[in-house]
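Colleague: I am new to this structure, and I would like to go through a few of its strands and residues with you. Could you show it to me before we begin?

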Amino acid sequence: MGTEGWCLLLCLALSGAADPVPAAERQWRAVDVVLDCFLAEEGMHRGGFASDKTMVKALLVLKQVPVLDDGSLEGFSDFQVSTLVKDNPPVTFEASVSPVQMPHVEALLHADCSEKEVTCEISRYFLQARQEVAVETAAWFMANLQVSGGGPSVSILMKTLADAENTALLYPVMNLPLGPQGTVLTTVEFQVSTQTPSLSLQRGSSASLHCGFSMAPGWDLARVEWRLQHKGSGQLVYSWTAGQGHARREGATLEPEQLLLAGDASLKLPSLTLKDEGAYICQITTSLYQAQQIIQLHVQASPKVRLGLASEALPPTLICNIAGYYPPDVTVTWTREELGGAPVPVSDTSFSSLRQSPEGTYSISSSLTAEPGSAGATYTCQVAHISLDEPIVTSAWAAPPEQRTVAFGVLFGSSLFLLVLLYLGLQRWQGVNAESRDHFLCQHGALISEDHLAPISQPFRPRATSDYKN
């Protein structure tokens, strides 16, 4: 029986648990987690994946991993090498996880039953530094595990237990030491994981990029580094070395106590902008090992939609303005609905060129020529975008030509009436001013003597001081 049968037995056991044990009463149980993998035999490199041409089928057995039993694991048996196919069996890695804390075991264990897949790729790992001659007789492997559907991702570093020079059983090509049952015996010495390999958040919100790790006793944490890779360029976001943290991005934080005590190197980013989008690389370095996880951060901005009249000429033109959204993919649909009828899609529409603001958001306009018909029609512009839970819908009423003519006549008559009133008011104001001026001259004209009026042709002659005496 291969791993398919083993997974089938596990799923049957899970489905048979009609009455799950309450969370407070669950107990820890050690189980074997068996994963179908691919092993890179050639072109191996540190922590990376090889091409399909160098891949061979393999099994990874995580031995005796602690799991909280909800009652579904009763009757579940451990993995036996004898259950493998006899002809051309895959190379099997048995990995003891006791030196480290193995995260996300439930997701790995129940993936098949949840209609998800676990991608497992194993490649040779080469040490950064050789501290002693004894380590050269061992071999190291990096296993990268990824649960589909946005599930967790785990990278584990395994070290072979047997000495290749003192064993008679060797796996061909790679000369791996094999145990008595023909498996490669290893122990997990380091793991780095994330529960959120991909995040989509709104602009202006805060992000918490999860990155956890665990290492075997005897190794010290040397460095934590967060880098951002986007559109071919990279930059350092945050680094921690020897107890000192340095943020290159304003507001970026990492909790030192959580880092050292709980193996939590999660990065927090406040007030997201579009410049924060990209692939974040969490790289954990110990005195001997190095591993990383990649978290894709997608920053989104929701569109603002406004529907209006672009032209009042007959027939009228409606325009739907969509502004301030990101990423640039957006879907705009039009419908036309007559009174008492059903909405009908409208295909005869046009679009403006895509415009980008200095902040990085996009804008576009869609327009059409309205055909209101004899009774008028309602036109609806619907905008769908990845940042929206539901499309934005906005509508406008296109009046029939008769109503538009009547409305224009009413508007013209009202304008003409206002102009007449304004003209009559102006004439009345001018008449009142003229009458007031004549009345003023009649009452005060006698007080104006010839002595106070000098002919324009004669120069002004000031009076002497004696003239004002009595």
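What follows is a short exchange of questions and answers about strands and single residues.

Modeller: Please keep in mind throughout that this is a predicted model.

Colleague: In what sense do strand β19 and strand β20 pair, and over how many bridges?

Modeller: Strand β19 covers residues 304-311 and strand β20 covers residues 317-325. The two form a hairpin, with five residues between them, and S311 stands opposite T317 in β20. Their pairing is antiparallel, and the number of bridges is seven.

Colleague: Which strands are the edge strands of the open sheet that four strands form in the order β22-β21-β26-β27?

Modeller: In this open sheet, the order is β22-β21-β26-β27 and the pairing is antiparallel. An edge strand here is one that pairs on one side only, and this holds for the strand at 344-346 and the strand at 392-398, that is, β22 and β27.

Colleague: What does the twist average from one strand to the next in that sheet?

Modeller: The sheet in question is the open one made of four strands, in the order β22-β21-β26-β27. From one strand to the next, its twist averages 30 degrees.

Colleague: How many bridges join strand β21 to strand β26?

Modeller: Strand β21 takes in residues 331-338 and strand β26 takes in residues 377-384, and the two run antiparallel. One of the pairs is that of T331 with its bridge partner in β26, A384. The number of bridges joining the two strands is eight.

Colleague: Is T380 buried or exposed?

Modeller: T380 lies in strand β26. Its relative accessibility is 14%, and since the cut-off for a buried residue is under 20%, T380 counts as buried.

Colleague: With which side chain does the side chain of T380 make a polar contact?

Modeller: Leaving aside neighbours within four places in sequence, T380 is in contact with T333, W334, T335, V393, T394 and S395. For T335, which is 45 residues away along the chain, the C-alpha atoms are separated by 5.2 Å. The polar contact, at 2.8 Å, is between the side chain of T380 and that of S395.

Colleague: Where does G179 lie, and how far apart in space are G179 and E94, C-alpha to C-alpha?

Modeller: G179 lies in the loop between β8 (176-177) and β9 (184-194), and it is buried, with a relative accessible area of 8%. In sequence, G179 and E94 are 85 residues apart, while in space, C-alpha to C-alpha, their separation is 9.5 Å.

Notes: Residues are numbered from 1 along each chain as its sequence is written. This is a predicted model: local features need pLDDT of at least 70, side-chain atom pairs count only at pLDDT 80 or more; totals for chains, interfaces and linings use all residues. Side-chain values use heavy atoms; hydrogens and water are left out. Two strands pair if DSSP finds at least two bridges between them. Axes are lines fitted to C-alpha atoms, for helices over the stretch in contact, and angles run from 0 to 180 degrees between N-to-C directions. Buried means under 20% relative accessible area, exposed over 50%, partly exposed in between (1.4 Å probe, protein chains only). Contact means heavy atoms within 4.5 Å. A polar contact is a pair of N or O atoms within 3.5 Å; within protein, one must be able to donate a hydrogen and the other to accept it, and residues adjacent in sequence count only if both atoms are side-chain atoms.
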